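Dear colleague,

Please find below the structure that I am handing over to you, together with its sequence. My findings follow directly after it.

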Amino acid sequence: MASLSIRSVSKAFGANKVLDDVSAEIGTGAFVTLLGPSGCGKTTLLRIIAGLVEADGGEILMDDTNVTRLEARRRGIGMVFQSHALFPHMTVLENVGFGLRMRGVPRQERDRLASEALALVHLRDFGRRYPQQLSGGQQQRVAIARAVVFKPRVLLMDEPFGALDRKLREALQIELRRMTRELGITTIFVTHDQGEALILSDRIALMQAGRLVQIGTPAEVFRQPQTRFAAEFMGVENFFAAQILGSDADGTALACGAARLLSRVQAKLPAGGGIAVGIRAEDIALSDDAHPVNGTSGEVRDVVYHGNTWTISVSSAMGEIVCTTQAGAAANPPANPGETVQLAWRPDAVLVIPDP
Amino acid sequence: MARFSRIELAALIAPGVLIVTLLLLAPAINLLRFSFYAAGSTEIEGDAGFGNYAALLSDPYILRIIGKTLLISLAVTFLCLVISLPISNFVWRAPSRWKTGLMILILSPLLVSVVVSSFGWVVLLGTKGLINNLLIGLGIIGAPLPLLYSDLSLILGLTHVLLPFMILSLVAVLEKIDPLLMEAAATLGAPSHRIWWHVQLPLALPGIGAGTTIVFALAMSSYVTPAVLGPNGPNFITTLIYQYFVNLYDWGNGATLSVVLLIISTAVVALYTTLLSRRILRSTRMS
């Protein structure tokens with residue numbers, strides 16, 4: 001187990017700048033997710049930490065030791081790849097024992113430790129099989145066992161569940177979360193799936209176009225996105241340009257065209273400044289109150305049934321607004337196109353985005 | 001995929017079976033028949049039974065040539081493998097825009113007739129050849145070395161001609177290996193020579209098996225190179241067969257030797273592939 005420092009790491013492939021001055025501190029035993037859309041540089045950063053790609057600039061430190069120039073094999077990392085990369089010519093037990101074998105652990109000890117690691121991922125009886133004889137989920141669990149069996153200082157995972165179906169993915173996420181907490185292993189996990197990042201992480205590092213946009217706990221990144229991109233990526237649908245009217249300990253008063261909004265968030269910006277606000281669709285409700293604290297009215301454009309929920313698009317004075325309501329057992333839509341409805345939301349649903 | 005009935009399938013493979021039977025199997029059976037005929041100067045005279053086999057296989061001169069043919073073929077196979085391993089590795093790791101050019105370069109020995117490329121070695125290795133002239137010119141040796149018409153020139157010539165088959169087999173199998181496996185091995189602590197030994201080599205085994213089998217079979221049955229580059233006189237089983245058939249007009253013994261060559265090659269290849277496929281099966285086992 002080790003702490004990890006990423007200091008001003010940059011990387012370009014030809015003219016294509018993949019990583020631009022990325023820095024982050026990752027504490028011992030933390031589970032950090034590198035989250036971002038494809039092409040944002042998250043996999044490259046992971047490969048630089050692994051030592052499989054050389055950075056153009058910057059440093060990687062493990063427990064305050066500079067490993068930037070160290071070969072991958074000397075870094076003491078465990079890595080899990082999306083395509084699991086198990087050795088097809090070795091049994092499951094030999095695959096898991098490979099890292100120990102490279103470290104000169106004698107055969108018997110190796111097999112014992114490998115069996116223990118397999119037990120950890122619930123595959124104790126699969127040691128004598130070959131990887132091709134296992135299902136996709138089992139193969140990925142073997143890959144995880146192979147990466148943790150030699151007690152790596154850092155565990156790196158590159159979209160390990162990306163190729164699996166949703167149910168299996170969710171089961172493995174829960175299992176991985178339990179295992180990494182149990183082992184107390186420092187883990188860096190790459191994904192483009194915000195749901196997966198929220199479930200697994202102690203902290204989420206959100207990346208966009210080679211830069212680290214925001215790093216924080218899942219709740220922070222979810223409730224207080226710092227940029228428009230972060231908010232969009234974390235599932236905020238509605239955005240409005242707004243002006244700060246005033247801010248105090250209770251929150252911030254905002255003007256959005258003719259509408260007045262109240263947010264629980266304290267904007268650390270002077271009055272009169274232009275910012276963006278974001279409101280999640282599921283935080284907006286249809287209301288009977290004609291004059292709610294936060295709200296607007298408009299004409300329903302479209303109503304879509306999703307099973308659990310209804311999505312309603314409303315054309316209002318503030319602009320196009322999307323809201324989601326729970327469907328419950330009701331078969332009838334909560335509103336019909338052409339109808340005029342009143343929308344309302346609570347002050348703590350209004351996310352103030354300082355950097356639009 | 002379209003499904004065919006048994007009759008349709010039989011009709012589809014019939015032309016192929018017919019061609020193979022007429023052009024390959026029938027002459028082979030005929031050859032086998034000849035091998036039981038007594039040695040004659042001008043025509044086939046009567047049944048010798050296994051007499052030809054007994055006589056030839058108890059003749060130390062013949063046995064020595066058979067043994068030498070085996071040894072030289074094994075040496076050529078081994079040499080081809082040793083040379084091909086680094087070359088195929090280089091081609092595999094080369095940027096893809098280089099690959100077409102490299103493949104043409106590797107195939108180039110096959111674009112020239114074996115006769116021509118064998119005579120190329122004559123130019124290089126002869127008493128007044130390039131190498132001897134160079135060594136004498138540099139004052140390293142006084143008199144020319146007997147490089148040509150030796151086992152050495154034979155092995156060099158065969159290796160040159162057969163190398164492409166080995167390299168192609170290896171490149172084909174390496175291209176199928178997932179490069180992530182090498183990276184996974186590196187992250188697990190393996191230095192590059194152990195990655196090669198524990199991962200790349202076992203996964204390349206099917207290609208090594210195919211390549212060595214092809215090269216060995218082709219070396220055993222090669223005629224032009226031993227005739228042009230080998231020591232004078234019958235030095236290889238094929239040149240010996242030629243001598244019986246053409247110079248001595250002795251079809252009985254010529255056919256017998258041909259059958260012996262066929263049996264030895266088939267036996268070696270069969271034994272080898274059986275041993276190898278056990279290992280390969282392990283590495284490509286499917287559920």
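**Findings**

Chain B has 12 helices and 0 strands. The model is a predicted one, and the account below should be read with that in mind. Read from the N terminus, the elements of chain B follow the order α-α-α-α-α-α-α-α-α-α-α-α. Along the principal axes, the C-alpha atoms of this chain fill a box of roughly 75 × 70 × 30 Å. Of the 287 residues in chain B, 31% are buried. Among its contacts with a separation of 6 or more, 71% are between residues 24 or more positions apart.

**The contact between the chains**

To the contact between the two chains, chain B gives 20 residues and chain A gives 19 residues. On the side of chain B that touches chain A, at least two residues each come from α8 (179-187), α9 (192-220) and α12 (251-284). The largest share of that side is supplied by α8(B), with 6 residues. Sorted by class, the side of chain B that touches chain A has 11 nonpolar, 4 polar and 5 charged residues.

**Helix packing in chain B**

Two of the helices just named, α8(B) and α9(B), also pack against each other, at an angle of about 135° and with their axes 10 Å apart. Angles from 115 to 145 degrees count as oblique, and α8(B) and α9(B) are therefore oblique to each other. Their crossing is right-handed. From α8(B), the residues L181(B), M182(B), A185(B) and A186(B) meet I195(B), H198(B) and V199(B) of α9(B). This contact has 6 nonpolar residues, 1 polar residue and no charged residues.

**Helix packing in chain A**

In chain A, helix α2 (residues 92-102) and helix α4 (residues 136-148) have axes that come within 7 Å and cross at roughly 30°. An angle under 35 degrees counts as roughly parallel, so α2(A) and α4(A) are roughly parallel to each other. The crossing of α2(A) past α4(A) is right-handed. On the α2(A) side the contact is made by V92(A), N95(A), V96(A), F98(A) and G99(A), and on the α4(A) side by V142(A), A145(A) and R146(A). By class, the residues of this contact are 5 nonpolar, 2 polar and 1 charged.

**Strand pairing in chain A**

Chain A also holds an open sheet of 4 strands, in the order β2-β1-β4-β5 and with antiparallel pairing. Its edge strands are β2 (16-26) and β5 (65-66), each of which pairs on one side only. Within this sheet, strand β1 (residues 4-13) is joined to β2(A) by 7 bridges, and the two run antiparallel. Here K11(A) stands opposite L19(A) in β2(A).

Elsewhere in the chain sequence, strand β11 (residues 238-248) and strand β14 (residues 274-279) of chain A pair over 6 bridges in the antiparallel sense. F240(A) has V277(A) of β14(A) as its bridge partner. β14(A) is in turn joined by 3 bridges to strand β20 (residues 351-353) of chain A, and these two strands run antiparallel. In this second pairing, V277(A) has V352(A) of β20(A) as its bridge partner. V277(A) is thus a bridge partner both of F240(A) and of V352(A).

With kind regards

Conventions
Residues are numbered from 1 along each chain as its sequence is written. Chains are lettered from A and ligands numbered from 1 in the order in which they are written. This is a predicted model: local features need pLDDT of at least 70, side-chain atom pairs count only at pLDDT 80 or more; totals for chains, interfaces and linings use all residues. Axes are lines fitted to C-alpha atoms, for helices over the stretch in contact, and angles run from 0 to 180 degrees between N-to-C directions. Angles under 35 degrees count as roughly parallel, over 145 as roughly antiparallel, 65 to 115 as roughly perpendicular and the rest as oblique. A crossing is left-handed if the near helix is turned anticlockwise from the far one by less than a right angle, and right-handed if clockwise. Two residues are in contact if their C-beta atoms, placed from the backbone, lie within 7 Å. Ala, Val, Leu, Ile, Met, Phe, Trp, Tyr, Cys and Pro count as nonpolar, Asp, Glu, Lys and Arg as charged, and the others, Gly among them, as polar. A residue is buried if 20 or more other C-beta atoms lie within 10 Å of its own, exposed if 12 or fewer, and partly exposed in between; C-beta atoms are placed from the backbone. Two strands pair if DSSP finds at least two bridges between them.
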